[in-house]
Amino acid sequence: MVLTLNIDQIALTTQDWICKVQIVEIGRPRESPDKKCRFQNLILEDEQECQIKAVLYADEIEQYAEMLKLMNTYLISTARVKISQTSHGKPIHKFYWVLDKETVIEHITPSNGVENPLPPPTKLNITTFDRIPHMMLDSAVEIDILAIVLRCSPQKYAGRSNHKCREIIICDNYKNQFLLTLWEDFGEIEGNEIEAKMEKEMDLIVILGRNIGISTFQGLSLQSRYNSTIHIAPNYPQAVELTKWAKENKSMLLSRESNKTSTSSSAPLMVLTPAGQQVVSIEQISSPTSMGLFYLEAEMAISDELQEFCVLECSGCKQKKRTKDRKDFHCPKCNRKTTLLPRCIFQIDLTDGTATVTASISGELGEKLLSMTAEDIFDITCAKRQSLHVNHVHEMLSNKLFQIQLRKSSWGTSNNTQATYSIISYMEKQHTSPTAIDRNSKKIRPLEISEMEVTETTTAAGSSNATPKFEPPTPTKNL
């Protein structure tokens, strides 16, 4: 007797079963990591909104290409049931199905007369942007996101292994932003499709990303993984609603995004500054056990005017070099001849009513504060060997309070560990006198898109002469 079951009722040993499902997502055909086989992933959903992954291999991909369509309903009988592997992230179900030549698949159409097609899907386990900074970050963490694409950069080679990638800027309907790096074929295929749609279509594009990794690059960013999927203009009600919101607010989103200037050829790098984060004091984060992302209200000042305000780094891997000579050289990391480019970086003191701490600020964020480019800084301090005049910065910072997003981390050996502080973003706090500040815990409003700047660097805590410790300016590629 053939049993009609839902997804959760089907196990490894279940025989002679039928399940009514709808195809809610279809991935593109891909190659396995070892290049030994081609496969295609589908996401199936039953009447109870339970979802499971189904896989087609090799010849079955072409065999079922005309039959299996997105948002169509099918009766699937006796697919091969296998245990989901966790080596490439958290699966959506403990099992997955293999649709092979022995699987029976019947298409249910509106005119079927016996079975009715399932209604459009509504289930999405989306991680909202404001939750991401509070998640435990490790190589296994993966999330699903729904986002608006604001900018799509050209493809480039990046990372320690010089992998091809494409960076896009995404945001949610609270105007929070993230950098999302699409690695390898995701940048080439989905990235090209996003780029083409943005050039052709009038409205902003919404994407659904599944199994997206979280990186600490530029403070906090997102990246594709081997098992990720990127769906452009998905049909879920949540995506339709976000698309409608983006259309209604397109002018605001694009005007704020376009007002942000950039001194590099790549897309401006941004990071989420969630709404409603609690402001802490510098004294509170000075504890040796306090690590992570914090929100401060503090004054800023450059106390060391004799420090170097820029360094030279490899144009490919971004490794800092001690030399001040910009001649071409062979980079062992990139394994090719490359050039050295200047990068703005300097130390700045942060002071509130409880303590003072020294942090690093760099890249576009530092250039904006100094009102000059890294090229200008290098020309003055290195080529002409002159001191950098920062009187205009002192005047600009004087008697002003800033809302600051600060990352604290640690580095060193087991015998000698130092805390480091990195400014991720900042903005002037409006209409507030420093003498009238309530130093107790309070809520900070979210940064607007035009006010966000991101580039993470680190400096040893409490030392204005410490050697900056650089993080690679491209996220490490995690499969």
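User: Does Y426 count as buried or exposed, and at what relative accessibility?
Analyst: This is a predicted model, and the value is computed from it. Buried means under 20% relative accessible area. Y426 falls under that cut-off, so it counts as buried, at a relative accessibility of 9%.

User: Which residue forms an aromatic pair with Y426?
Analyst: The pair is edge-to-face, with 5.9 Å centre to centre and 70° between the planes. Planes over 60 degrees apart count as edge-to-face, and 70° fits that. The partner also counts as buried, at 2% relative accessibility. That partner is F402.

User: How many residues apart in sequence are the parts that F402 and Y426 tie together?
Analyst: F402 lies in strand β25, residues 402–412. Y426 sits in strand β26, residues 417–428. The pair therefore ties together parts whose separation in sequence is 24 residues.

User: What is the angle between the planes of F129 and F178?
Analyst: The structure holds 5 aromatic pairs. One of them is F129 with F178, an edge-to-face pair at 5.2 Å centre to centre. F129 is in the loop between β9 and β10, while F178 is in strand β13, 49 residues apart. Both residues are buried, and the angle between their planes is 85°.

User: Which residue stands opposite F178?
Analyst: F178 belongs to strand β13, residues 177–183. β12 and β13 run antiparallel, joined by 7 bridges. The residue that stands opposite F178 is I170.

User: Which residue in the turn between β12 and β13 has a positive phi?
Analyst: These two strands form a hairpin, with 5 residues between them. In that turn, a phi of about 70° belongs to K175.

User: Why is strand β12 largely enclosed, and how many of its residues are buried?
Analyst: β12 covers residues 163–171. Besides β13, it pairs with β10 in the antiparallel sense over 4 bridges, and 3 bridges join it to β11, also antiparallel. β12 is largely enclosed by the rest of the structure because of its 9 residues the number buried is 7.

User: What is the bridge partner of C152 in β12?
Analyst: Two of the partners in β12 can be named. A158 has H163 as its bridge partner there. For C152, the bridge partner is I168.

User: Which residue lies over the face of Y96?
Analyst: Two charged side chains over rings are worth a look. R30 lies over the face of Y226, at 4.8 Å from the ring centre. Over the face of Y96, at 5.2 Å from the ring centre, lies K53.

User: In which strand is confidence lowest?
Analyst: The mean pLDDT of the chain is 80, and 80% of its residues reach 70 or more. Confidence is highest in strand β8, residues 95–98, at 96. At the other end, with a mean of 34 over residues 443–444, is strand β27.

User: How many contacts beyond near neighbours in sequence does the stretch 432–476 have in the model?
Analyst: Over residues 258–276 the pLDDT stays under 50, and the model has 62 contacts there beyond four places in sequence. The pLDDT is also below 50 over residues 432–476. For residues 432–476, the number of contacts beyond near neighbours in sequence is 146.

User: What percentage of the residues of the chain count as buried?
Analyst: The chain comes to 8 helices and 28 strands. Its accessible surface is about 22900 Å², 48% of it belonging to carbon and sulfur atoms. Of the 479 residues, the share that counts as buried is 49%.

Methods. Residues are numbered from 1 along each chain as its sequence is written. Side-chain values use heavy atoms; hydrogens and water are left out. Buried means under 20% relative accessible area, exposed over 50%, partly exposed in between (1.4 Å probe, protein chains only). Accessible areas come from the Shrake-Rupley method with a 1.4 Å probe; for residues, only the protein chains shown count as cover. Rings of Phe, Tyr and Trp (its six-membered ring) pair if their centres lie within 6.5 Å; planes under 30 degrees apart count as stacked, over 60 as edge-to-face and the rest as tilted. A charge sits over a ring if NZ of Lys or CZ of Arg is within 6 Å of the ring centre and within 35 degrees of the ring normal. pLDDT is the predictor's confidence in each residue, from 0 to 100. Contact means heavy atoms within 4.5 Å. Two strands pair if DSSP finds at least two bridges between them.
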